[in-house]
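Dear colleague,

I am passing on the structure we talked about, together with some notes on what turned up when I went through it. Please look at it first and then read on.

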Amino acid sequence: GEQLAVFRTPDGQAFVVDAYCPHLGANLAAGGRVVGNCIECPFHGWQFRGEDGKCTSIPYAEKVPDFARVRTWPCCEINGMLLVWYHCEGLMPTWAVPEQREITTKEWVFCGQTEHLVNAHIQEIPENAADSAHLAFLHGPAILGGSDLRYTRSKLWDFMKHNWKAEWWPEPEPNKHCSQMLLQHTATFFGKHFSLMDLTVSARQVGPGLVFLLFEHAFLGRGIILQTVTPLEPLLQNVVHKIYYQKNIPAIIPKFILRAECIQFERDITIWNNKQYLPKPLLVREDSSIQKHRRWYSQFYSEKSTRSLVQKDLEW
């Protein structure tokens with residue numbers, strides 16, 4: 001629900017500030033321009049410094065009031081993304097986003113992205129990693145069956161099956177804000193193992209809305225999908241997947257991986273868009289990792305975390 005203005009100064013540094021000018025509320029991101037290390041309001045020309053938000057110039061005023069400033073947001077530019085730190089108590093960042101060396105050195109190159117809107121609470125999306133039981137049922141049917149759940153179990157595609165082995169665990173201090181999932185994928189055609197589809201995926205969740213999905217294949221090399229989950233408003237998430245892959249591998253390989261991932265992800269979206277969040281779900285012993293994940297994820301809430309009016313048991 002926040003409106004932000006993002007701009008880059010001539011020296012290359014990016015800054016994020018509140019979009020609305022504190023003078024008369026004009027949107028700095030709609031018609032504003034960069035002047036030196038400031039962003040200029042399109043309405044009256046007030047200029048705000050990106051570093052601390054202080055107003056440095058008012059074209060028609062003799063003096064700039066000391067209290068004239070716009071709110072700035074802590075941000076970092078890493079792995080080809082600009083990331084903003086949000087904390088409802090106003091605390092500064094307590095951890096940093098790790099750099100993916102192969103992206104920085106351009107050993108891996110950008111090969112495409114997907115973008116989806118999900119009508120669910122932000123916690124529902126990462127919780128999938130700890131729900132290993134859904135993998136066989138929802139993601140076992142062949143990707144050839146697509147993402148429409150009415151047809152994924154069609155007998156037409158019965159000759160192909162995806163097999164998954166997954167393990168999830170939280171990381172210890174000093175990385176308690178991170179968790180890991182190891183995923184082994186194999187596929188069978190007409191009941192026979194097809195080794196070309198063997199894939200190892202190690203997923204590292206960093207904070208509540210960023211995931212590093214590392215792919216390793218015996219013949220087709222290595223790459224990564226970066227998943228970002230950005231809450232736009234209560235119960236509406238913007239999910240982006242960006243894939244980077246070895247540049248010596250034909251582009252069709254990462255495109256295929258991204259497409260396959262997209263089909264599987266859209267199966268989850270059908271569930272998320274229509275499900276209800278249960279604060280006290282009916283779980284069996286084999287679901288124990290779901291409760292562990294909820295305990296781990298609870299660290300990202302605080303006393304002032306806004307509660308959704310739609311689902312009072314849920315924080316967002």
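The protein chain folds into five helices and 17 strands, and please keep in mind throughout that this is a predicted model. Its C-alpha atoms fill a box of roughly 80 × 50 × 40 Å along the principal axes, and 43% of the 316 residues count as buried. Among contacts between residues at least 6 apart in sequence, 49% join residues that are at least 24 apart.

For the N-terminal part there is an annotation to go with the coordinates: UniProt, in an unreviewed entry, places the feature "domain: Rieske" at residues 1-84. In the model this span is 0% helix and 38% strand, and its end C-alpha atoms lie 14 Å apart. Within those residues I looked at Thr9, which sits in the loop between strand 1 (4-8) and strand 2 (14-18). Thr9 has a relative accessibility of 6%, under the 20% cut-off, and therefore counts as buried. Its side chain makes a polar contact of 2.4 Å with the side chain of Asp11, and, leaving aside neighbours within four places in sequence, Thr9 is also in contact with Phe15, Val34, Gly36 and Asn37.

Turning to the interior, the largest nonpolar core has 31 residues, of which Val118, Leu213, Phe215, Ile243, Tyr245 and Trp272 touch the most other members. At least two residues of this core come from each of strand 10 (108-118), strand 12 (178-189), strand 14 (199-206), strand 15 (210-217), strand 16 (221-233), strand 17 (236-246), helix 4 (252-274) and helix 5 (288-297), with helix 4 giving the largest share, six residues. Apart from this core lies another, of 17 residues, among them Phe7, Cys21, Leu28 and Val64. As general background, nonpolar side chains in soluble globular proteins tend to be buried together. To take one residue of the largest core, Ile243 touches Val109, Phe110, Cys111, Gly112, Ile224, Ile225, Pro254, Ile257 and Leu258, not counting residues up to four places away in sequence.

The aromatic residues deserve a separate paragraph, since a search of the whole structure finds 15 aromatic pairs. In one of them, the ring centres of Phe110 and Tyr244 are 5.7 Å apart and the planes stand at 65 degrees, so the pair is edge-to-face. Because Phe110 belongs to strand 10 and Tyr244 to strand 17, this pair ties together parts that are 134 residues apart in sequence. Tyr244 is buried, with a relative accessible area of 9%, whereas Phe110, at 44% relative accessibility, counts as partly exposed. Trp296 and Phe300 also form an edge-to-face pair, at 5.4 Å centre to centre and with 85 degrees between the planes; here Trp296 is buried, with a relative accessible area of 6%, and Phe300 counts as partly exposed at 22%. Elsewhere, ring pairs link Trp157, Phe159, Phe189, Phe190 and Phe194 into a cluster.

Finally, there are two arginines to look at beside aromatic rings: Arg71 lies over the face of Trp73, at 4.0 Å from the ring centre, and Arg153 lies over the face of Phe137, at 4.0 Å from the ring centre.

With best regards

Terms used. Residues numbered from 1 in each chain as written. Predicted model: local features only at pLDDT ≥ 70, side-chain atom pairs only at ≥ 80, totals over all residues. Heavy atoms only, no water. Helix = DSSP H or I, 4+ residues; strand = E, 2+ residues; numbered from the N terminus. Buried < 20%, exposed > 50% of the residue type's maximum accessible area, 1.4 Å probe, protein only. Polar contact = N/O pair within 3.5 Å; in protein donor to acceptor, adjacent residues only side chain to side chain. Contact = heavy atoms within 4.5 Å. Core = buried A, V, L, I, M, F, W, Y, C linked by side-chain atoms within 4.5 Å. Phe/Tyr/Trp six-rings, centres within 6.5 Å; stacked < 30°, edge-to-face > 60°. Lys NZ or Arg CZ within 6 Å of the ring centre and 35° of its normal. UniProt positions renumbered as here; feature names shortened; annotations may be inferred.
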